[in-house]
Amino acid sequence: MTVEPQSFLLTLEKRVGLTEQDKVLLKANADWGLKVSPAMADHFYSYLERDPEMKAILHTGEQRIHRLHETFVQWFHEMFTGMDDWGTVYAERRWKIGLVHVRINIGPQHVVPAMATVIHEIGKQLEVDGKDQALKDALSRICMIDLAFIEQAYVEVSSAAVLRETGWTEGLFRRLIATGAKSM
Ligand code: HEM
């Protein structure tokens, strides 16, 4: 059940249809990405602040929100550069971002609408700046990949913790889940 980030990334690229042309287009627009990233961070955190549960998480600790702005800007720009051309560095970084969110108990109910907000705001900004639909499509695909990393980390960490604590096999664990789901 353990994820190997680089092969997971390759699987996701195929699954969402991220192409070489998408990567070329993203890299060609990396400066634009960096330029708009602070505004995107503002939209993102004002969206999270409107939700009482997420607001409470954001304001734990003095420097958290400030640090988050910086890490969001970095994250946003990395979607355009691919860091090491969407290689191991990119994959490991996305996996780590997933683990950070699992550790602070931010689940699918938080992350999925948050990513939808990012895509919505990117769409508006692209329109204002007269950018092509192809760039919007490429960004939507890379956002879906990053979202899948965060979501998959949740599943992997929870399952690994149960297996470690109980000593169950993966087969038994899956059977118990299937039985449990049937009775719900
Ligand atoms: C589109 C989805 C999201 C993206 C792309 C994203 C991005 C990031 C990144 C890049 C980091 C830094 C990870 C690191 O330290 O290595 C981070 C941390 C964090 N994120 Fe998110 N995030 C998302 C959703 C959320 C949501 C929904 C919340 C809910 C409040 C949240 C709250 C946090 C918090 C509290 C941290 C840790 C900050 C700290 O104390 O260092 N994030 N996020």
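A residue counts as buried if 20 or more other C-beta atoms lie within 10 Å of its own, exposed if 12 or fewer, and partly exposed in between, with C-beta atoms placed from the backbone. The structure is a predicted model, where local features need pLDDT of at least 70, side-chain atom pairs count only at pLDDT 80 or more, and totals for chains, interfaces and linings use all residues. Residues are numbered from 1 along each chain as its sequence is written.

**Stop 1: E49**

Select E49, which lies in helix α3 (residues 30-49). Helices (H or I, at least four residues) are DSSP runs, numbered from the N terminus. E49 is partly exposed, because 13 other C-beta atoms lie within 10 Å. Leaving aside residues up to four places away in sequence, E49 touches K55 and L58; two residues are in contact if their C-beta atoms, placed from the backbone, lie within 7 Å. Now add H59: E49 and H59 are 10 residues apart in sequence and 9.3 Å apart in space, C-alpha to C-alpha.

**Stop 2: the ligand**

Select the ligand next. It is surrounded by 22 residues, and the closest are M54, T71, W75, H110 and A114. A residue is near a molecule if its C-beta atom, placed from the backbone, lies within 6 Å of it. Colour α4 (52-58), α5 (64-85), α6 (88-103) and α7 (108-128), since each supplies at least two residues of this shell. Which helix gives the most to the shell? That is α5, with 6 residues. By type, the shell has 15 nonpolar, 3 polar and 4 charged residues. Ala, Val, Leu, Ile, Met, Phe, Trp, Tyr, Cys and Pro count as nonpolar, Asp, Glu, Lys and Arg as charged, and the others, Gly among them, as polar.

**Stop 3: α2 against α5**

Keep α5 and add α2 (residues 20-28): the two pack at an angle of about 110°, with their axes 8 Å apart. Axes are lines fitted to C-alpha atoms over the stretch in contact, and angles run from 0 to 180 degrees between N-to-C directions. The two helices are therefore roughly perpendicular (65 to 115 degrees). At the contact, K23, L26 and K27 in α2 meet M79, F80, T81 and G82 in α5. These residues divide into 3 nonpolar, 2 polar and 2 charged.

**Stop 4: two loop residues**

Most residues other than glycine have a negative phi. Select W86, in the loop between α5 and α6; its phi is positive, near 55°. N105, in the loop between α6 and α7, has a positive phi of about 65°. Is each buried or exposed? W86 is buried, with 23 other C-beta atoms within 10 Å, whereas N105 is exposed, with 9.

How values were computed: Parallel < 35°, antiparallel > 145°, perpendicular 65-115°, else oblique.
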